[in-house]
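Welcome! Take a moment to look over the model below, and then we will walk through a helix, a pocket and a cavity together.

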Amino acid sequence: MQSFLETTLSKLYTDHNSLEKLTYVVPSKRAATFLIKYISSFLKAPVFSPKIYSIEEFIAEIADLEYASNTALLFELYTSYSKTPTQQKDDFNSFLKWGQTLLQDFNEINRYLIDDKTLFSYLSSIQKLKSWGVTDKKTELISNYLAFWTSLPKIYNDFNTQLLNKRKGYQGLVYQEASKAIETYLELQHQETFVFIGFNALNKAESSIIQKFLANGNSEIYFDIDAYFLKDSIHSASYFVRYYKKNWTYFSSNSLKGITENYSKKKSIQIIGVPKSVSQAKYSGSLIKKLHASNNLKKTALVLADETLLNPILNAIPEKISEANITMGLTLRNTTLASFFEAIFELHINNGKNGFFYQDVLKFLSNPYAAILLSSDGMDYSKKIKDTIHKNNWVYLKLEQIQSIIPSKDTSTLQLFNSSLNTHSLLQLLQNTILILKEKASEENNSFDLEQLYHSYKIGNQIEEHLNSSDFAINTKSLKSLFFELLSKETLDFRGNPTEGLQIMGMLESRVLDFETVIITSVNEGILPSGKSNNSFIPYDVKQEFGLPTYKEKDAIYTYHFYRLLQRAKNVYLIYNTEPDVLEGGEKSRFINQLLTDENINQYISHTIASPNVKSNATKDSSVKKSPLLLEELKLLAAKGFSPTSLTNYIRNPLGFYRQHVLKIDILEEVEESIALNTFGTIIHDSLEDLYRPFVEQVLTPEMLLGLKEKVPIIIERNFLKSHLGADLTKGKNLIIYNVIIKYLEDFIKNEISLIKNHQIKLLGVEQNLAIELNISELDFPIVLKGKIDRIDELDGQLRIIDYKTGNVTQAEVELMDWDTLIEDKKYNKAFQLLCYALMYSNKERVSSFEAGIIPIKKLSSGIIRFATKASSRGPKNYQIDDEVLSSFQLQLKTLILEIFNPEIPFVEKEV
């Protein structure tokens, strides 16, 4: 296969007997690289390289202007906007949301050589018509809106003037100035022969300039188009070339050059549908692996219609592929370093009077670059800060708190947590942080990080330079928006041989290049072609009226690039996503349907749906066998003491008991912005203890209890802050919960006062710690049961053991008919806990009979829910816990303990 560039050079060599004396203009720098390679193959002796320009470089030379950076353009445009007479102007952050769109519109107006005065007048009139009403009176908002549209010509002219004074411009302005300067340039270069190669969709400025070169008589143009499309009067692939042939004066006496007939030749076209984007990457990787095995990668291109697939594609390429060239570059916005900068900005944007919000701090600390910054002498201080935040429940943090954790020697890093930084200081701090990371990356010879840091530092320098020379100030939010706007346009270029091995590129990078094997991904509607996206202030009908490009022209561009890749290819793989998604594109592209319905080409097409091999593994019941080592660990646990809660955890789920109590795997500790249920219960328990402890061994009186009411808020606040460090009780959920607990405890005291009017209550103990060593003859090591009883009292001489519960409790949960259900059914866990407390208290005090029950804090009207046994569902209830009840319980407890230590019974997972 002879490529388009080789065919063109061969014709030029025949016509001119030399290639080095010509001046070449091609669509891109990449095309220029390939052109040099092919020119060298025609040479028999060393020569000076001919002049080869990309079209943008060529236009800039004609105009004698430099392209301004996007940063400079945005600052210059905002300066021009600030001069407008409108009463209310957007700040820089708001401007960034629409400034880029306005810049693109100015670009289009200039590139297509539109009469700006007429266009802006047209747009202003449209807006006035939209705002027309019955009365002439307009709101301030509408007046400002209309004033903006009226001021567009002033913004446009001032913007262009300021740039031209600096001999700089955006693409459209450079093109417009080049179209004005073309005659002078032609006079200076009248002896040069210019060859324009591989162009398709030209804007009006490019078209005008090229036509003037052609009219000068010493220039040529070669189009890369197949006769198959040129003969079709409605095919979009030849839309632009047909227009040039019909409307350019040059072609009235000259024929089109570069026309070939390759498309209809025999080729293999495989259309493959796969589900989702990642599957496309995986399939492409497997395809490349097969091609590499058959040594067919030399002239292979992997073209990404959706360039966001680059990362998964890079991960899917087999390691065996030693030569691969990536042309599109990795967008800096999609790197981990960008998320690091974002975390720093979010820290300072969300910073309030209370300090930095813990979630923003944790997000920053979780970034790998934060760990690099905060590591010193083998200590990872980022982890230490995170642990301290969780331990102390810091909802908000200030610099002083961070300083208490990190050694003060690294003051520059600590300044990241300085809440008083202004925009300039924050930008300077970012630059210093980049330099620190650069030093660390240099020590590790991390070239990828160094490249990212270099580009980021360059962006920071650009912003700083323009901030220093601008008359307006920007806030942190504006700085973030600008920084990331620039990051999204900055790419990391990959090193590789652009003429050898596998070529990975976007659609535009494929211009004038030919490959024997072509793999195109994301061949879906909304991606290829991109569809109706109108990111412009200029309405569609106005664009049509003035000859500006619309989505129709954009579709024609995509059509040309797609079919041009297929022209000379022998093997084509078109991969599309079978799962339509609003964000990832729609159904398979119309291009696929066109191929399938083309009678001249569909004989070479195969269409398949691919899916990944999914292996189904049978789910096994989770269980852990009790090894000798595990049994030894259980013995240590038994010696320290089982709590009633730990034993009910075993009843509920043995494997959960193993994880929590043997492996010590706790639920991940999280910062509580508002208190969790377990903390809620802790505050109530601690507060009741503090309120009632002074009355132990006393008979409660109404006077005593009335005196407690005024202490309730103070004691609750103290316990609230003890259990929930850094809590703000003045607002939000915490304020609501604080008042709810006050209400619960006030109702509790009120209930007690009501009860003691007719009864006598003597308080015997609160939050009493007890323990008992169980005598189990089958085991030759100690088994301890330990726990804390919330309250022990006497009601009219009846001894009661009371447990407080803040959750729901029903009478059925503490009533037993069958003792075996106590250790088999988790429903009776509350009854099990009461009996544990009863056993421990009975062992200590040697009492013969007493009651045990639960006071439900949330439902005090129910009174105490007492433990009871009964022979049948309708039989009488026995509320007394005596030796017989305790003996029956001890048998069940023994059975449970023996099961825990039985090596033949593994810890199994139960449905909770």
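## A helix and its neighbours

The buried residues of α34 are covered by elements that include α26 (628-640), α27, α28 (654-662), β23 (761-774), β24 and α33. Please keep in mind that this is a predicted model.

Which residues of α34 are buried? They are Val885, Leu886, Phe889, Gln892, Leu893, Leu896, Ile897 and Ile900. Looking down the axis of α34, you would find these buried residues within an arc of 140°, so they line one face of the helix. On the other side of α34, Asp883, Glu884 and Leu891 are exposed.

The length of this helix can be checked too. Helix α34 covers residues 883-900, and at 1.5 Å a residue its 18 residues should span 26 Å. The C-alpha atoms at its ends are 25 Å apart, which agrees with that expectation.

## The second largest pocket

Now let us turn to an open space. The second largest pocket holds about 1,200 Å³. It is lined by 35 residues, and those closest to its centre are Thr645, Asn649, Asn678, Lys805 and Gln833. Two or more lining residues come from each of α27 (644-652), α29 (677-692), β24 (783-795), β25 (798-805) and α33 (829-845). Which element gives the most to this lining? That is α29, with eight residues.

Some of these names may be familiar from the helix: α27, β24 and α33 are among the elements that cover the buried residues of α34, and they also give residues to this pocket's lining.

## The largest cavity

The structure also holds one cavity of 30 Å³ or more. About 50 Å³ of space lies inside the largest cavity. Its lining is made up of Leu102, Asp105, Phe106, Ile109, Phe120, Leu123, Trp149, Leu152, Phe537 and Ile538. Helices α5 (92-111), α6 (116-130) and α7 (140-165) each supply two or more of the lining residues. The most come from α5, which gives four.

## The two linings by class

Here are the two linings, sorted by residue class.

| Space | Nonpolar | Polar | Charged |
|---|---|---|---|
| Second largest pocket | six residues | 15 residues | 14 residues |
| Largest cavity | nine residues | no residues | one residue |

In the pocket, then, 15 polar and 14 charged residues join six nonpolar ones. The cavity's lining has nine nonpolar residues and one charged residue.

Note on methods. Residues are numbered from 1 along each chain as its sequence is written. This is a predicted model: local features need pLDDT of at least 70, side-chain atom pairs count only at pLDDT 80 or more; totals for chains, interfaces and linings use all residues. Side-chain values use heavy atoms; hydrogens and water are left out. On a 1 Å grid over the protein atoms alone, a cavity is a set of points where a 1.4 Å probe fits but cannot get out, and a pocket is an open set with protein on both sides within 12 Å along at least five of seven lines; lining residues have an atom within 4 Å of a point. Grid points are joined across faces, edges and corners, and a volume is the space filled by probe spheres set on the points. Ala, Val, Leu, Ile, Met, Phe, Trp, Tyr, Cys and Pro count as nonpolar, Asp, Glu, Lys and Arg as charged, and the others, Gly among them, as polar. The expected span of a helix is 1.5 Å times one less than its number of residues. Buried means under 20% relative accessible area, exposed over 50%, partly exposed in between (1.4 Å probe, protein chains only). The arc is that of the directions from the helix axis to the C-beta atoms. Contact means heavy atoms within 4.5 Å.
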